[in-house]
Amino acid sequence: LPNLKRVTLVVSWFGDDLRAGECRVTPKVDRAAKDTAGLDWRVAGLDRADAEVVSEVGDGPAYGGTPTDAAVVEAIAELKQRGLEVTLLPFLMMDVPAGNDLPDPYGDSTQGAYPWRGRISCHPAPGQGGSPDGTATAETQVGAFFGDCEATDFSWSGGQVSYSGSAEWSWRRMVLHYATLAAAAGADGLLIGSEFRGLTGIRGASGYPAVEALKALAGDCREILGEDALITYAADWSEWNGVQHADEPGGFVFHLDPLWADAAVSCVGIDWYPPVSDWRDGLDHLDAAAGWLSGMDRAYLESRVQGGEAFDWFYADEGARTAQDRTAITDGAHDE
């Protein structure tokens, strides 16, 4: 890749509950006992014997474990030696195995196995009966997920990140841990989170508490990493531009704008997974009728980068999708 300039290095910890107020964020290992060459496993003050082990699927671990801090430092150094800029991405995997007994914020009796982190929400989730969305209780639940440790609780000495704060396993603890490591290892940037769609859309008694928490976290990371570092949040492609609430059907809220406009944030970040094909089997469907010859036609796919589903039209429900009953995207207030 001769034109490659920047690498995003992903480092995972693990969440254990979709309920924001109950979710712990911890480093884990894939096995409790493991022979390794060169480096012993140590992360956030834990060694292998102290760390939790990821759940199993069949006869093996559901995930690879968190890499030891020293290996992350070595990886950053190697990438820098190759002339590449390095952005560190603290990444949350949800270690919620099948057969759990955890209440589901979205109304099911239990949480689905190994869910997407974008489903972390208040409990019950917005739109569900009894949801605390729009109240101080929602703020409390979101606050528990982010935690309250401070940047000054972290330091670098002897090739390790030391922590002197309260005994919490939270999102702030993970991100500030890696911000401290990134600064010491000479990384060029840090993401403060990615795809927390279910969190950022939660309303507190006033405003959006997760957005405010991300702003505060960005400011702390800016203090640690300095003015030249790239710092942003990687929003899900369905989250980055705004939210529309069922109880406010006429209003579209640009809830992340305060984050994107914050002085500590370098740029708008989007994990972009748009639908670029609606091709169906056979020839009796709309895209074939429009003259396209194949769902693998490059020109067809290029036409959908700025067009098609979620750009020009949408499907109101699964029945509409099956029938290809497309509804045009319009803005009546601005005649667009």
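These exercises walk you through a predicted model, each with a worked solution.

Residues are numbered from 1 along each chain as its sequence is written. In this predicted model, local features need pLDDT of at least 70 and side-chain atom pairs count only at pLDDT 80 or more, while totals for chains, interfaces and linings use all residues; side-chain values use heavy atoms, with hydrogens and water left out.

**Exercise 1. Find D287 and describe its surroundings.**

Step 1: Where does D287 sit? Look in helix α7, residues 286-289. Helices here are DSSP runs of H or I with at least four residues, strands are runs of E with at least two, and both are numbered from the N terminus.

Step 2: Is D287 buried or exposed? Its relative accessible area is 2%, so D287 is buried. Buried means under 20% relative accessible area, exposed means over 50%, and partly exposed lies in between (1.4 Å probe, protein chains only).

Step 3: Which side chains make polar contacts with that of D287? Y300 does so at 2.5 Å, and R304 at 2.7 Å. A polar contact is a pair of N or O atoms within 3.5 Å; within protein, one must be able to donate a hydrogen and the other to accept it, and residues adjacent in sequence count only if both atoms are side-chain atoms.

Step 4: Now list the wider contacts (heavy atoms within 4.5 Å). Leaving out residues up to four places away in sequence, D287 touches D278, W279, W292, Y300, R304 and R326.

**Exercise 2. Follow two of those neighbours, R326 and D278.**

Step 1: What joins R326 and D278? They form a salt bridge, with the closest N and O atoms 2.9 Å apart. A salt bridge is a side-chain nitrogen of Lys or Arg within 4 Å of a carboxyl oxygen of Asp or Glu.

Step 2: Why does this pair tie together separate parts of the sequence? R326 lies in strand β16 (residues 326-328) and D278 in the loop between β14 (269-271) and α7, so the linked parts are 48 residues apart in sequence.

Step 3: Compare exposure. R326 is partly exposed at 24% relative accessible area, whereas D278 is buried at 5%.

**Exercise 3. Trace the salt bridges of D30.**

Step 1: Which partners can you find? The side chain of D30 meets that of K34 at 2.9 Å, N to O, and that of R48 at 3.9 Å, N to O.

Step 2: Place the D30 and R48 pair. D30 is in the loop between β3 and β4, and R48 in the loop between β5 (46-47) and β6 (52-53), so the pair ties together parts 18 residues apart in sequence.

Step 3: Check burial. D30 counts as buried at 14%, R48 is buried at 14%, and K34 counts as partly exposed at 39%.

Step 4: Zoom out. The structure holds 23 salt bridges, and a network of them links D16, R24, K28, E52 and D95.

**Exercise 4. Examine helix α5.**

Step 1: How many residues does α5 have? It has 17 (residues 209-225).

Step 2: Check its span. From first C-alpha to last it reaches 24 Å, close to the 24 Å expected at 1.5 Å a residue; the expected span is 1.5 Å times one less than the number of residues.

Step 3: Look for buried residues, including V211, L214, L217 and C221. The buried residues of α5 pack against elements including α2 (136-146), α3 (171-185) and β13 (230-236).

Step 4: See what follows α5: G226, with a positive phi near 95°.
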